[in-house]
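Student: Please take one part of this predicted model and go through it closely. After that, set that part in the context of the rest of the chain.

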Amino acid sequence: MPRPNQPERDRNRERSLHESRTMPEVCTAKPVKLTVGTTHKCNLTCPMCFKQYEPGHNMHYPSLGLARFERIAAACFPTAEEVVFTVSGEPLISESIEQELQISGRYGVDVCLTSNGTPLGVERLRRLVLENVSVLTLSLDGATAATFEKIRRGAKFDKVMHDIRLLTAEKRARGSRTRVVGHMTLMRANVHELPDWVRLMHDVGCDACTCEPVQAPATFHAMALESCPDLANRTFAAARAVAKQLGFPLSTPADLPVNAAEAASRHDGGAPPTFEELAERHAPEPPEPAPDAVVAEVLAADRSTIAHPRWQEVDENGPAQHAPIDCPYAWSRTWINYDGSVKPCCHPGFVHDLGNIDRDDFAAIWNGAPYRQLRRSLRSGHAPAPCRDCYLVGLYAGLGDVGRNR
Ligand SMILES: C[S@@+](CC[C@H](N)C(=O)[O-])C[C@H]1O[C@@H](n2cnc3c(N)ncnc32)[C@H](O)[C@@H]1O
Ligand code: SF4
């Protein structure tokens, strides 16, 4: 069945492609893809996750809320191809997840979400996911209960796998088109389980599986694959062989350079902490402060970082410092956080906002002064620091329109 608004979506995508090539300051097309931070809460405390470096308890962070979600949906969903729900928390525990899925389904926008899988025991939620989500990525970081529960701290291996089996069985029974993808964040503590994990993902009924190396600060390199490149490369090869034998799609990272361990050992002088030490360091903090106080603290901290020097240092009157930057986001995608703030993308260097949907309509922000300045600066060789070393620009470069549509 064709989805609602398809001709309008097609026109918007064409205009967006044109504007990505011509790089105007003002866009007539609306974002083709957007990320919406539906909640910053999470019910787990995985030790490798960036959330462990934030103040407060994972369950006491704010959510976007239904009213903001509805405003974003009305402004963007009729023309967008795809919306990604929060990647800074657990999307399936948002207080308004059921309405968020139903609203997205009504607009016919493709929903992609990444979940830890723990809420899938709820039958009604599984049904809403299977009715409204295009790609469900499940983060499952071990093939055994011991490894899984050490990393996915707070989740129960047997329960999560049982619920995924229910989901994939229901998917087949309903003829649902939701693509279920198992995902493993690879680190020293779990990489050896990758071949068995591929078998497990196939066995629980996933459609495909992917894995990516953990991003770890230099002082925690004992956790990263660079600390065990030979083991990682051997395991990738074994996992690829298993996937081939099963006829099961698997995406693995490229092999690591074998001298990576040597490079990693140069990051600091002292002995690196082990994964277990890291997990202990980030143990949940008792006693928990009152939720309202934590929320107020987080929001206050966010606002204090808005005037960021790396943005202000841009001098548009000086000589160009680089060639035009063909950013895949500035002309066709956007990122709306759980507090309503709008940023161009997820680059951690972008700590300032381009606007907030609590103050302005999204359309006014999309072509407001900060967005126009960003597009102008990307085009004119005066881009802010985060854009100049952005890995996405390199990743998409040379892919042309295919890259812009990814
Ligand atoms: C931050 S989580 C949010 C969604 C959901 N709570 C989950 O766990 O899937 C999104 C993805 O980032 C991955 N992740 C967490 N910490 C990471 C790190 N340090 N490096 C790379 N990926 C990480 C998670 O495993 C998960 O696949
Ligand atoms: S479940 Fe996801 S968001 Fe929550 S702590 Fe783990 S990786 Fe981070």
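**A loop residue and the sheet beyond it**

Tutor: N367 lies in the loop that links α13 (362-366) to α14 (369-380). The model is a predicted one, and what follows is computed from it. N367 has 14 C-beta neighbours inside 10 Å, and therefore it counts as partly exposed. Once residues up to four places away in sequence are set aside, N367 touches V26, C27 and R372. K30 is another residue to look at here: K30 and N367 are separated by 337 residues in sequence, yet their C-alpha atoms are 9.7 Å apart in space.

The chain as a whole gives the setting for that pair. Of the contacts in the protein chain with a separation of 6 or more, 76% are between residues 24 or more positions apart. The chain has 406 residues, and 41% of them count as buried. Its secondary structure amounts to 17 helices and 10 strands.

Next comes the sheet. It is open, has 10 strands with mixed pairing, and follows the order β7-β6-β5-β4-β3-β2-β1-β8-β9-β10. β7 (250-251) and β10 (355-356) each have a single partner strand and stand at the edges, so one side of each is left without a neighbour in the sheet.

The stretch from β2 to β6 can be followed strand by strand. Strand β2 (residues 82-85) runs parallel to β3 and is joined to it by three bridges. One pairing places E82 with D110, its bridge partner in β3. Together with helix α3 (residues 97-107), β2 and β3 form a β-α-β unit, and that unit is right-handed. β3 and β4 run parallel, with four bridges between them, and T114 is opposite T137 of β4. Helix α4 (residues 123-132) carries the chain from β3 to β4, again in a β-α-β crossover that is right-handed.

The two faces of β3 can be told apart. V111, L113 and S115 make up the covered face, while D110, C112 and T114 make up the uncovered one. The bridge residues D110 and T114 thus belong to the uncovered face.

Strand β4 (residues 135-139) pairs in parallel with β5 through five bridges. Within this pairing, L136 is opposite V180 in β5, and V135 has R179 of β5 as its bridge partner. Further along, β5 and strand β6 (residues 208-213) run parallel and are joined by six bridges; there H183 is opposite T210 in β6. Between these two strands the chain passes through helix α7 (residues 194-203), and the β-α-β crossover is right-handed.

Helix α7 has L194, W197, V198, L200, M201 and H202 as its buried residues. The cover over them includes β5, β6, α8 (229-246) and β7. An α-helix has 3.6 residues a turn, so residues three or four places apart point the same way. After α7 comes G205, with a positive phi near 100°.

The nonpolar interior can be approached through V83. The largest nonpolar core has 88 residues, and I72, V83 and M187 have the most contacts inside it. With neighbours within four places in sequence left aside, V83 is in contact with L34, V36, F77, S104, V109 and V111. One of these, V111, is on the covered face of β3. In soluble globular proteins, nonpolar side chains tend to be buried together.

Last come the ligands. Ligand 1 has 14 residues around it, and C49, E90, S139, T185 and Q215 come nearest. Two elements give two or more residues to this shell, β3 (110-115) and β5 (179-186). Sorted by class, the shell around ligand 1 holds six nonpolar, seven polar and one charged residues. Around ligand 2 are C42, L44, T45, C46, C49, K51, G89, E90, N116 and S139. That shell divides into four nonpolar, four polar and two charged residues. C49, E90 and S139 appear in the surroundings of both ligands.

To return to the part at the start: N367 is a partly exposed residue in the loop between α13 and α14, with V26 and C27 among the residues it touches.

Methods: Residues numbered from 1 in each chain as written. Chains lettered and ligands numbered in written order. Predicted model: local features only at pLDDT ≥ 70, side-chain atom pairs only at ≥ 80, totals over all residues. Near = placed C-beta within 6 Å. Nonpolar A, V, L, I, M, F, W, Y, C, P; charged D, E, K, R; others polar. Core = buried A, V, L, I, M, F, W, Y, C linked by C-beta atoms within 7 Å. Buried ≥ 20, exposed ≤ 12 C-beta atoms within 10 Å, placed from the backbone. Contact = placed C-beta atoms within 7 Å. Pairing = 2+ DSSP bridges. Right-handed = clockwise from strand over helix to strand, strands pointing away.
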